[in-house]
Amino acid sequence: MQSILNKLLGIGLTIIIAIPAWFIGEAFPIIGGPVLGILFGMVLAFGKRSVVFDEGIKYTAKKLLQYSIILLGFDMNLYNIFKVGGQTLALMVFTLTITFGTAFVAGKLLKLDPKTNILIGVGTAICGGSAIAATAPVIRADAEEVARSISTIFLFNVIAAFLFPLLGHILGMSEHTFGLWAGTAINDTSSVVAAGYAFSNEAGSLAVIVKLTRTLMIVPITLVLAIYTSRNSPKHHGNDKSNESYIMGKIFPWFVIGFVAASIVNTFIPMPQGMGASIAQLGKFIIIMAMAAIGLNTNVIKLVKSGTKPILLGSICWLALSLASFSII
């Protein structure tokens, strides 16, 4: 009961932050509620708060964000999802290749340790912290390498949430173009959602579909890394299935299945008029809650102090991904 209470306290705090962010974002759509949610959370993170809020804040930042993406599916057409996913597959392969190649070369030049190099490359190319968390046990990265990589990626997630919508408007991008760019060039799902919906609802919906297609790349990439690590491990005896079992059980982004299931309901099952849009609207509010939670857990000073080499590698990879994606689109 105490755990449930603590969780509710943290969730309640994010709701309190999300409400003004929602209304101000509606009044100033060029900024958007999700970006304001992150900003308000980051400002409040400088103050002291009781640890009783932490469990709910973490739950909102991770689980509720995933549930909110499922809710967005109730306002999307299944045929459109598969159409967009199929059309962007070649773009995904190209941008992944560019990013991994850049990470490999730049990491060598910077003389960064190989595991941190892989983690930053995977985090930039696929889906930020989720990809790092999935890859870390496969390549047997230690806690310091994981923390360093996640801090680096998260720094650029925060920057992207603010910078991309501004650049999109300055460059005169259409909603379709910006949705494609945000979905392929921003690291983490949370920042893709924040930037996409800050630009427009149509751009946000497209960016989510593109990003979820990109997120599925976790599975083949991590399988390849697992096989490589297993074969190069001194403990490999040819029958060790620990990596494979970990991958199949842990890394698959199950919320993508929920998103597709929700779109199936919206496409084939008659619902009262406006119900799907209302459910998706609730999802968008929960997204702002998740952004607030992420902001509350962001220590900007600590992120900057995480190390110059990882940050430099992250910036190089992110720039290569953004420019490659932009040039192809």
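Helix H3 has 19 residues, and at 1.5 Å a residue these should span 27 Å, which agrees with the 26 Å between its end C-alpha atoms; the expected span of a helix is taken as 1.5 Å times one less than its number of residues. Helices (H or I, at least four residues) and strands (E, at least two) are DSSP runs, numbered from the N terminus. The structure is a predicted model, in which local features need pLDDT of at least 70 and side-chain atom pairs count only at pLDDT 80 or more, while totals for chains, interfaces and linings use all residues. Residues are numbered from 1 along each chain as its sequence is written, and side-chain values use heavy atoms, with hydrogens and water left out.

Within H3, which covers residues 54-72, there is a bend of about 40° at Thr 60, where the bend at a residue is the angle between axes fitted to the seven residues ending there and the seven starting there. Thr 60 has 0% relative accessibility and therefore counts as buried, since buried means under 20% relative accessible area, exposed means over 50%, and partly exposed lies in between (1.4 Å probe, protein chains only). Leaving aside neighbours within four places in sequence, Thr 60 is in contact with Ile 11, Thr 14, Leu 65, Met 289, Ala 290 and Ala 293, contact being defined as heavy atoms within 4.5 Å.

Thr 14, one of these partners, lies in helix H1 and is likewise buried, at 0% relative accessibility. Apart from residues up to four places away in sequence, Thr 14 touches Thr 60, Met 289, Ala 292, Ala 293 and Leu 296. For H3 as a whole, the buried residues are Gly 56, Ile 57, Thr 60, Ala 61, Leu 64, Leu 65, Ser 68, Ile 69, Leu 71 and Leu 72, and they pack against helix H1 (2-27), helix H8 (189-199), helix H9 (201-215), helix H12 (254-268) and helix H13 (275-296).

Helix H2 (residues 33-45) can be examined in the same manner: its 13 residues should span 18 Å at 1.5 Å a residue, and its end C-alpha atoms are indeed 18 Å apart. The buried residues of H2 include three glycines, Gly 33, Gly 37 and Gly 41, together with Pro 34, Val 35, Leu 36, Ile 38 and Met 42.

The structure holds one salt bridge, a term that requires a side-chain nitrogen of Lys or Arg within 4 Å of a carboxyl oxygen of Asp or Glu. Side chains of opposite charge can pair when their charged atoms come close. Here the side chains of Arg 49 and Asp 54 meet, at 3.3 Å from N to O; Arg 49 is partly exposed at 30% relative accessibility, and Asp 54 is also partly exposed, with a relative accessible area of 25%.

Further along the chain, Lys 111 is placed in the loop between helix H4 (78-110) and helix H5 (114-139). Its phi is near 55°, a positive value in a residue other than glycine, and Lys 111 is exposed, with a relative accessible area of 72%. In helix H4, Val 105 counts as partly exposed at 48% relative accessibility; Val 105 and Leu 313 are 208 residues apart in sequence, yet their C-alpha atoms are 9.9 Å apart in space. In helix H5, Ile 118 is partly exposed, with a relative accessible area of 28%, and touches Thr 135, Ile 139 and Leu 225, not counting residues up to four places away in sequence.

On the surface, Ile 159, Leu 163, Leu 166, Ile 170, Leu 171 and Phe 326 make a nonpolar patch of about 540 Å². Patches are made of residues with over 30% relative accessible area and no salt bridge, with like charges joined within 9 Å and nonpolar side chains (Val, Leu, Ile, Met, Phe, Trp, Tyr) within 5 Å; accessible areas come from the Shrake-Rupley method with a 1.4 Å probe, and for residues only the protein chains shown count as cover. Helix H6 (residues 143-170) supplies the largest share of the patch, four residues. Ile 170 is in H6 and is exposed, with a relative accessible area of 61%.

Taken as a whole, the protein chain has 15 helices and zero strands, and buried residues make up 52% of its 329 residues. Among contacts between residues at least 6 apart in sequence, 84% join residues at least 24 apart. The chain exposes about 15300 Å², of which carbon and sulfur atoms supply 69%.
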